[in-house]
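Me: I would like a close look at one part of this model. Please take me through the sheet slowly, one strand after another.

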Amino acid sequence: MISRTTAGAFVALVFVLASCAPSSAVMVVSRNEEVSIGKQVEKDVIKQYGGVYNDPAMNARVQRVGRQCAAVSTRTDVTYTYKVLNSDVINAFAAPGGPVLITKKLVQVLNTDDQLAFVLAHETGHIAAQHGRKAINRAVLAQGIASLLLRKAGESAKIGVGIMYTLYDRGYSREQEYEADSYGALFMTRAKFNAEGGVKALAKLGMRREKGVNKYLSTHPDVPDRISRIARAYGITPEREQALIKEAQTEK
Ligand SMILES: [Zn+2]
């Protein structure tokens, strides 16, 4: 049993959190709309990235690691899927409402399951935190309440797909990337992966700066900062962090 004072403080805290969070905006994009927009975006990205890569072993690995992250996600009202894109560009992407996509090249770079888990858990985190859905929601609300009430079926889907293309090109905000890292770290721990894989995965992504090849880096900035945050969150010392970065550099 909690005392009245504690309960009051708790309610006040929830209120403060709710009023600070951008999610306090009215949510007008339904889960079904989010899922259907996500499916459309996924289809287009697959087409743009040379289709799905049909390597049974690689697909099995990505799905196994992905499902382990999905199973411990804080968001349970969507179905997470994990697919490999037939592309030599380094990138990973989360569409709203469940689909996670990762390129064959990035899977090859992430040569341990701990490293792969970090990237997949991070993308799963974007979906769990509903970053895509919130961006679509903001765009729909920006159209004004009148057009919102009058909007025809499919209109918000069109707006949604458009806004997701922009996000796909520029990435989410820095705060949302940090948030996805926090979710990713949580899911990794819950699924019993080694957090050091996160430091190594980011170190590898930061190293591969080839223009045009590393799309991930242009949509996920501040890699050194993210490495330090992850390391601190796990109690990895600065010395160990440096050692892990060195190790990552000698791996393929
Ligand atoms: Zn991200």
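In what order do the three strands of the open sheet stand, and is the pairing parallel, antiparallel or mixed?

Reply: This is a predicted model, in which local features need pLDDT of at least 70 and side-chain atom pairs count only at pLDDT 80 or more, while totals for chains, interfaces and linings use all residues. Residues are numbered from 1 along each chain as its sequence is written, and side-chain values use heavy atoms, with hydrogens and water left out.

The three strands stand in the order β1-β3-β2, and the pairing of this open sheet is mixed. Strands here are DSSP runs (E, at least two residues), numbered from the N terminus. Two of them pair if DSSP finds at least two bridges between them. Strands of a sheet pair through backbone hydrogen bonds, either parallel or antiparallel.

Begin with β1, residues 81-85. Five bridges join β1 to β3, and the two strands run parallel. One place to find this on the model is Thr81, whose bridge partner in β3 is Pro99.

Now take β2, residues 92-94. Three bridges join β2 to β3, and here the strands run antiparallel. Phe93 has Leu101 of β3 as its bridge partner. β2 and β3 also form a hairpin with four residues between the strands. In this hairpin, Gly97 takes a positive phi near 80°.

β1 and β2 stand at the edges, each with a single partner strand, so one side of each has no neighbour in the sheet. From one strand to the next, the twist averages 15°, the angle being taken between N-to-C directions of axes, which are lines fitted to C-alpha atoms, on a scale from 0 to 180 degrees.

That leaves β3, residues 99-103. Five of its five residues are buried (under 20% relative accessible area, with a 1.4 Å probe and protein chains only). β3 is therefore largely enclosed by the rest of the structure. To see this on the model, look at the two faces of β3 in turn. Pro99, Leu101 and Thr103 lie on one side, and these residues are buried. Val100 and Ile102 lie on the other side and are buried as well, which leaves both faces of β3 covered.

Two of these buried residues have already appeared above: Pro99 as the bridge partner of Thr81, and Leu101 as the bridge partner of Phe93. In short, β3 has a parallel partner in β1 and an antiparallel partner in β2.

Definitions and conventions:
Buried means under 20% relative accessible area, exposed over 50%, partly exposed in between (1.4 Å probe, protein chains only).
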